[in-house]
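User: Please take a close look at one strand of this model and its surroundings.

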Amino acid sequence: WVLIDSPALLSTGMTLSLAPAVDGVLVVAQHGRTRRGQAESVRAALASLGVEKVGVVLLNTPARQTASA
């Protein structure tokens, strides 16, 4: 596999024009910063181009709190 890092999909047209040239896209989102509407726009943009989404990485997810005994 060859990974190509690019700017945010919604921030520049260059990234969107790159998408059809790759085998798949790994979407990276940040917990508490990436809004649902943004994620839905990315999904729709990739779907309209017929690009396969390989997966999603969610950064800065808070640790789960455990109950004290």
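Analyst: Here is a walk along strand β1, its partner strand and the pocket beside them. This is a predicted model: local features need pLDDT of at least 70, side-chain atom pairs count only at pLDDT 80 or more, and totals for chains, interfaces and linings use all residues. Numbering starts from 1 along each chain as its sequence is written, and side-chain values use heavy atoms, without hydrogens or water.

Strand β1 covers residues 25-30. Helices (H or I, at least four residues) and strands (E, at least two) are DSSP runs, numbered from the N terminus. V25, V27 and A29 point to one face and are buried (under 20% relative accessible area, 1.4 Å probe, protein chains only). L26, V28 and Q30 point to the other face and are not buried.

β1 runs parallel to β2 (residues 53-59), joined by 6 bridges. Two strands pair if DSSP finds at least two bridges between them. K53 is the bridge partner of V25. From β1 the chain passes through helix α2 (residues 36-49) to β2, a right-handed β-α-β crossover. Right-handed means clockwise from first strand over helix to second, with the strands pointing away from the viewer.

E52 sits in the loop between α2 and β2. E52 counts as exposed because its relative accessibility is 51% (the cut-off is over 50%). E52 touches D23, G24 and V25, leaving aside residues up to four places away in sequence (contact: heavy atoms within 4.5 Å). E52 and D23 are 29 residues apart in sequence, yet 6.9 Å apart C-alpha to C-alpha.

Methods
On a 1 Å grid over the protein atoms alone, a cavity is a set of points where a 1.4 Å probe fits but cannot get out, and a pocket is an open set with protein on both sides within 12 Å along at least five of seven lines; lining residues have an atom within 4 Å of a point.
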